[in-house]
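This briefing introduces the structure shown below to a reader who has not met it before. It begins with a short lead and continues with points grouped by topic.

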Amino acid sequence: METQGQQTRAMRVPAYDRVVVRDGEGKRRQLSRNEFERLPLRERVTYLIGGTAEFFAGTEHIPASEAMKG
Amino acid sequence: MNASVKPIDTITAAADAVVSRAEARFDAHRQDILRSTDRMFAALLVGQWVFAIFLALTVSPYAWQGKVKTVHVHVWAAILLGGAITCVPVALAMLRPGALLTRHVIAAAQMFWSALLIHLTGGRIETHFHVFGSLAFLAFYRDWPVLLTGTVVIAGEHFMRGILWPESVYGIPNPEWWRFLEHAAWVVFIVVFLVLSCRRSYRDMRVMAERGAELEALSENQWRNSSVVDRAAAESAARRG
């Protein structure tokens with residue numbers, strides 16, 4: 001069951017709608033949420049472990065740990 | 001860390017490990033569902049056998065040939081045919097739980113049980129509901145091909161028995177030739193929705209495993225970052241002496 005604190009936090013942090021990823025050579029690529037979620041799991045996990053995926057809701061930057069909750 | 005090992009290599013190795021663990025968790029979860037459903041059907045099949053014998057003994061225990069009283073063929077059908085339908089799938093559920101063959105044999109056996117119960121009740125239309133209940137139970141496997149096996153078996157059985165012994169399946173001696181198609185159409189109707197439900201459940205299981213992998217990857221990232229900071233702090237403290 002969600003606590004009031006969790007609900008408040010969930011309301012404060014919007015769900016991400018786009019992701020900017022950097023590959024091994026530093027090239028940046030922008031993906032929609034749908035495109036990111038359709039990437040092979042290994043690729044997504046590699047971005048997350050390497051910290052090379054940045055999550056955004058509109059122009060607002062969302063921490064990866066919060067983005068993965070939504 | 002060995003200086004010849006690049007960070008990108010360790011990230012790739014960590015990603016491989018995270019993905020392997022996610023796949024292992026998914027497989028374990030799926031096996032757990034398959035095995036528990038096999039066990040449920042083993043109990044159900046035995047229960048149906050007992051029920052069928054009780055039904056035969058209650059509804060038509062004896063037949064008369066002149067003044068000679070004999071045990072009705074329905075009682076023998078319930079005991080022997082019911083036993084034959086039950087023993088193979090139950091043995092497979094005990095010996096090979098979670099195997100592909102086991103759940104397809106169970107699906108076929110469950111449909112043959114519907115057929116036998118329909119026969120024992122003289123083709124009562126109400127007993128046909130057993131088919132729909134059985135299909136819903138088969139959906140517990142979350143493996144839609146099992147539903148196709150069940151559908152093919154019950155449609156084929158209705159078709160054959162409708163030709164050879166229509167009274168035992170429809171309760172009337174001269175049904176329309178297409179009656180089995182009407183029954184099959186209703187079965188297809190429910191199976192379409194159950195297949196969609198199975199596919200969705202399977203996808204949800206996959207998404208759940210992948211979500212676990214993503215959270216594990218984030219945790220790995222945080223551990224790596226914190227380790228670097230800790231090492232830097234330790235080195236700084238050492239330099240200060």
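In chain B, 69% of the contacts between residues at least 6 apart in sequence join residues at least 24 apart. The structure is a predicted model, with scores of ipTM 0.74 and pTM 0.80. The points below describe chain B as a whole, then the sheet and helix H3 of chain A, and finally the contact between the chains.

**Chain B as a whole**

- Chain B contains 7 helices and 2 strands, and their sequence order follows the pattern α-β-β-α-α-α-α-α-α.
- The radius of gyration of chain B is 28 Å, whereas a compact globule of 241 residues would have one near 18 Å.
- Along the principal axes, the C-alpha atoms of chain B occupy a box of roughly 110 × 35 × 25 Å.
- Of the 241 residues in chain B, 33% are buried.
- The average pLDDT of chain B is 88, and 90% of its residues score at least 70.

**The sheet of chain A**

- Chain A has an open sheet of 4 strands in the order S2-S1-S3-S4, and the pairing is antiparallel.
- The edges of this sheet are formed by S2 and strand S4 (60–62) of chain A; each has a single partner strand, so one side of each is left without a neighbour in the sheet.
- Neighbouring strands of the sheet are turned against each other by 30° on average, with direction ignored.

**Strand S1 of chain A and its partners**

- Strand S1 of chain A covers residues 18–22 and has two unlike faces: Val19(A) and Val21(A) lie on the covered face, while Arg18(A), Val20(A) and Arg22(A) lie on the uncovered one.
- In a regular strand, the side chains alternate between the two faces of the sheet.
- S1(A) pairs with strand S2 (residues 28–32) of chain A in the antiparallel sense, over 5 bridges.
- Two residues of S1(A) illustrate this pairing: Val21(A) has Arg29(A) as its bridge partner in S2(A), and Arg22(A) has Arg28(A).
- The hairpin of S1(A) and S2(A) has 5 residues between the strands, and Gly26(A) takes a positive phi near 85° there.
- S1(A) is also joined by 4 bridges to strand S3 (residues 53–57) of chain A, and these two strands run antiparallel.
- Within that second pairing, the bridge partner of Val20(A) in S3(A) is Glu54(A).

**Helix H3 of chain A**

- Helix H3 (residues 41–50) of chain A is largely enclosed by the rest of the structure, because 7 of its 10 residues are buried.
- The buried residues of H3(A) are Arg44(A), Val45(A), Thr46(A), Tyr47(A), Leu48(A), Ile49(A) and Gly50(A).
- Gly51(A) follows H3(A) and has a positive phi, near 70°.

**The contact between the chains**

- Chain A contributes 13 residues to the contact, and chain B contributes 16 residues.
- On the side of chain A that touches chain B, H3 and helix H4 (64–67) of chain A are the elements that give two or more residues.
- H3(A) gives the most to this side of chain A, with 8 residues.
- By class, the side of chain A that touches chain B consists of 6 nonpolar, 5 polar and 2 charged residues.
- H3(A) thus appears under two topics: it is largely enclosed by the rest of the structure, and it gives 8 residues to the side of chain A that touches chain B.

Technical notes:
Residues are numbered from 1 along each chain as its sequence is written. Chains are lettered from A and ligands numbered from 1 in the order in which they are written. This is a predicted model: local features need pLDDT of at least 70, side-chain atom pairs count only at pLDDT 80 or more; totals for chains, interfaces and linings use all residues. The radius of gyration is taken over C-alpha atoms; the globule rule is 2.2 Å times the number of residues to the power 0.38. A residue is buried if 20 or more other C-beta atoms lie within 10 Å of its own, exposed if 12 or fewer, and partly exposed in between; C-beta atoms are placed from the backbone. Two residues are in contact if their C-beta atoms, placed from the backbone, lie within 7 Å. Two strands pair if DSSP finds at least two bridges between them. pLDDT is the predictor's confidence in each residue, from 0 to 100. Axes are lines fitted to C-alpha atoms, for helices over the stretch in contact, and angles run from 0 to 180 degrees between N-to-C directions. Ala, Val, Leu, Ile, Met, Phe, Trp, Tyr, Cys and Pro count as nonpolar, Asp, Glu, Lys and Arg as charged, and the others, Gly among them, as polar.
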